[in-house]
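Thanks for coming. I have a few slides' worth of remarks, and I will keep them short. Please look at the picture first.

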Amino acid sequence: MKIGIVTGIPGVGKTTVLSKVKEILEEKKINNRIVNYGDYMLMTAMKLGYVNNRDEMRKLPVEKQKQLQIEAAKGIANEAKEGGDGLLFIDTHAVIRTPSGYLPGLPKYVIEEINPRVIFLLEADPKVILDRQRRDTSRSRTDYSDEKIIFETINFARYAAMASAVLVGATVKIIINVEGDPSVAANEIINSML
Amino acid sequence: MKIGIVTGIPGVGKTTVLSKVKEILEEKKINNRIVNYGDYMLMTAMKLGYVNNRDEMRKLPVEKQKQLQIEAAKGIANEAKEGGDGLLFIDTHAVIRTPSGYLPGLPKYVIEEINPRVIFLLEADPKVILDRQRRDTSRSRTDYSDEKIIFETINFARYAAMASAVLVGATVKIIINVEGDPSVAANEIINSML
Amino acid sequence: MKIGIVTGIPGVGKTTVLSKVKEILEEKKINNRIVNYGDYMLMTAMKLGYVNNRDEMRKLPVEKQKQLQIEAAKGIANEAKEGGDGLLFIDTHAVIRTPSGYLPGLPKYVIEEINPRVIFLLEADPKVILDRQRRDTSRSRTDYSDEKIIFETINFARYAAMASAVLVGATVKIIINVEGDPSVAANEIINSML
């Protein structure tokens, strides 16, 4: 399977777009898999006996987290290799805004294992992202709380994605998630992989 | 020979500036070579029997293209090594805008072989680039068709060039190609290498 | 010791902020060390017998300078390793503006030796930086002489820092040095490391 990495900051509508991607690929009878990188890391951590639940993940020492990132990347790359034809999309971040700064979501030791064809940057107008965050009260997203910060995060995601792409020769594709119709972005993502 | 990589998006006037660079260096009796990376890859591919002409290049599988990129980079680095004193300039791109996104022109496996002194970003006002593209009807350049896209491409070229430079410790130098006199840019390029 | 790299362009107030960092950590009785990377390189060069004084550093061939960068990085990493608990900060640059272009201060062979937790970008309004440079007549800082250039340098520092961070999985944290109170920036730096 060809691998595409779909990144986007919280509130950009990544989950919705990727559901649409799956729907379209199923309709077209194209073999596909959507993998959430964070979930895959958790699953790997539980398998290895490092944690019993998601809350314990944050408490792991830095070196153990790094090891998990690598194991998860290897696992996904392996699924793609053994999955035959088709498309595998990884749902993750180009950067994560933390109290210690912008953390790259695709550092060297991860991107080199995954070796994707395309790194997608799902973007939207900061105003639109802010609105979506406000409506979605189920998740706490206080780290991305004003337009200037969202704009800065989108920019750092671009720098980080390009730096990761340079390591493996992948392309970086900006996809705008227009308000109201996730199928526009979904189709663009699919077409960029074919 | 010291190696400088000269990058710039289509329409910025790269070919003209590099002809001027050659002219000035010849006048000054400085040993020099200008290598077009794409042409060099094609020549390498033909030598290895992969293709018979330029059109067949695009149809090569991704892995074969990558191998050719590396072989070409090694070949050019070798020419510089055996070329004695002087300056060797490589004519290429920092990023290429493709339907699948921004493709880095100097990925890790290329930049590490070339190990250049300077990566030049030849830039111009997006309006000027657009005008030049319109006048030059001999080439199809539909991928860079409005000012916003040209501006975005110039920015991604900066991110990509800096990411490549970090891998080898090269400098990244912005050169503005002013309208009407390519010798200004040419002289700046030469002076940055001495 | 956990390592943080503090970068910032000339005139941003890096030295003052780092003195404040030291003062606060001493007060809190937290084990700490502040290392100036340039000074450490000079010391390394003198130890190895490459130079007798700072002026001779610039005249070293590129390959020797690179070797010194690596030796210095290893030395600092070793000090951190043997220094027990606490915080070690390195005072350096993300990019240096030279006549040959933007030189990355944290290239691959340096950042991989240091393997820091956080890369700090100390920033300030270009106007404020320009004012500080004008007042400080003791140092020649003609390379950063107008607002547009300062703005461009700050941006390239961001691209370079993120590219370095991607190589080792460090975070990149922007710290604004507000005029008149370096303790604001100093406390932010310390808190980002804990």
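**One helix, then the whole assembly**

I start with helix α1 of chain C, on the side facing away from its buried residues: the exposed residues there are E26(C) and E27(C). Keep in mind that this is a predicted model.

The helix covers residues 14-27, which makes 14 residues. From first C-alpha to last, α1(C) reaches 20 Å, close to the 20 Å expected at 1.5 Å a residue. Which residues of α1(C) are buried? They are K14(C), V17(C), L18(C), K20(C), V21(C) and L25(C). Looking down the axis of α1(C), you find these buried residues within an arc of 155°, so they line one face of the helix. Their cover includes the strands β1, β2, β3 and β6, together with helix α7, of chain C. After α1(C) comes K29(C), with a positive phi near 55°.

Now to the chains. Chain A superposes on chain C by a rotation of 120°, with 0.0 Å of shift along the axis and an RMSD of 0.0 Å. The two copies are therefore related as by a three-fold rotation axis. In chain A, the C-alpha nearest that axis belongs to A163(A), at 3.0 Å. Only 13% of the interface residues of chain A are also interface residues in chain C, so the copies meet through different surfaces.

Last, the largest nonpolar core, which has 171 residues. Among those touching the most other members are A160(A) and M162(C). Setting aside neighbours within four places in sequence, M162(C) is in contact with F156(A), Y159(A), A160(A), A163(A) and V172(C).

Key
Residues numbered from 1 in each chain as written. Chains lettered and ligands numbered in written order. Predicted model: local features only at pLDDT ≥ 70, side-chain atom pairs only at ≥ 80, totals over all residues. Core = buried A, V, L, I, M, F, W, Y, C linked by C-beta atoms within 7 Å. Buried ≥ 20, exposed ≤ 12 C-beta atoms within 10 Å, placed from the backbone. Contact = placed C-beta atoms within 7 Å. Least-squares fit on C-alpha atoms with pLDDT ≥ 70 in both. Helix = DSSP H or I, 4+ residues; strand = E, 2+ residues; numbered from the N terminus. Expected span 1.5 Å × (residues − 1). Arc of directions from axis to C-beta.
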